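Work through the exercises below with the sequence and coordinates open. Each task is followed by its solution.

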Amino acid sequence: MKDEKIKSTIEVFVCNHSREHEEACFEKGAKDLTDKLKKWAKEETNKEIKVFRSGCLGKCSEGIAVACFPAKKYLLDVKNEDLGEIKKGLLEALQELKT
Ligand code: FES
């Protein structure tokens, strides 16, 4: 057996769930938000922040919903204009994780 230390990472799950006849995160622009966050995380954080599309997070009425780990925190009612604040918060969380 071999063991290896797991690199410190932040994982971000953005709900991309879509529903017929009802507004869900996908219909509120989650795909665009996810694409932008994924691109930023890949290019700017050396893959230390990973962004994933997720299914419904159970916060539909407050979507777009984003779940952040290891903070175990939801970001709710997220809009494209919140991207700058989200990136800043994620970078701060990454710094804390490393100390
Ligand atoms: S549809 Fe996004 S949290 Fe349910």
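**Exercise 1: the surroundings of Asn16**

Leaving out residues up to four places away in sequence, Asn16 touches Phe26, Ala30, Lys31, Thr34, Arg53 and Ser54. The model is a predicted one.

Task: Determine where Asn16 is found, whether Asn16 is buried or exposed, and what its side chain reaches.

Solution.
1. Locate the residue: Asn16 lies in the loop between S1 and H1.
2. Classify the residue: the relative accessible area of Asn16 is 14%. Buried means under 20%, so Asn16 is buried.
3. Look for a backbone partner: the side chain of Asn16 reaches the backbone oxygen of Val14 at 3.0 Å.
4. Look for a side-chain partner: Asn16 and Arg53 are joined through their side chains by a polar contact of 3.4 Å. Arg53 is also among the residues that Asn16 touches.

**Exercise 2: the two sides of H1**

Task: Compare the span of H1 with the expected value, then find which residues of H1 are buried and which are exposed on the other side.

Solution.
1. Span: H1 covers residues 30-44, which is 15 residues. From first C-alpha to last, H1 reaches 21 Å, close to the 21 Å expected at 1.5 Å a residue.
2. Buried set: Ala30, Leu33, Thr34, Leu37, Trp40 and Ala41 of H1 are buried.
3. Arrangement: viewed down the axis of H1, the buried residues fall within an arc of 135°, so they line one face of the helix.
4. Exposed set: Lys39, Lys42 and Glu43 are exposed on the other side of H1.
5. Cover: the buried residues of H1 are covered by elements including strands S1 (10-15), S2 (49-54) and S3 (66-69), and helix H2 (83-98).
6. Exit: just after H1, Asn46 has a positive phi of about 50°.

**Exercise 3: the pairing of S1**

Task: Are S1 and S2 parallel or antiparallel, and are S1 and S3 parallel or antiparallel? Give the handedness of the crossover from S1 to S2.

Solution.
1. S1 with S2: the strands run parallel and are joined by 6 bridges. In this pairing, Cys15 stands opposite Ser54 of S2.
2. Crossover: the chain passes from S1 through H1 to S2, a β-α-β crossover that is right-handed.
3. S1 with S3: these strands pair in the antiparallel sense, over 4 bridges. Glu11 has Phe69 in S3 as its bridge partner.
4. Link to Exercise 1: Ser54, opposite Cys15, is one of the residues touched by Asn16.

Technical notes:
Residues numbered from 1 in each chain as written. Predicted model: local features only at pLDDT ≥ 70, side-chain atom pairs only at ≥ 80, totals over all residues. Heavy atoms only, no water. Expected span 1.5 Å × (residues − 1). Buried < 20%, exposed > 50% of the residue type's maximum accessible area, 1.4 Å probe, protein only. Arc of directions from axis to C-beta. Contact = heavy atoms within 4.5 Å. Pairing = 2+ DSSP bridges. Right-handed = clockwise from strand over helix to strand, strands pointing away. Polar contact = N/O pair within 3.5 Å; in protein donor to acceptor, adjacent residues only side chain to side chain.
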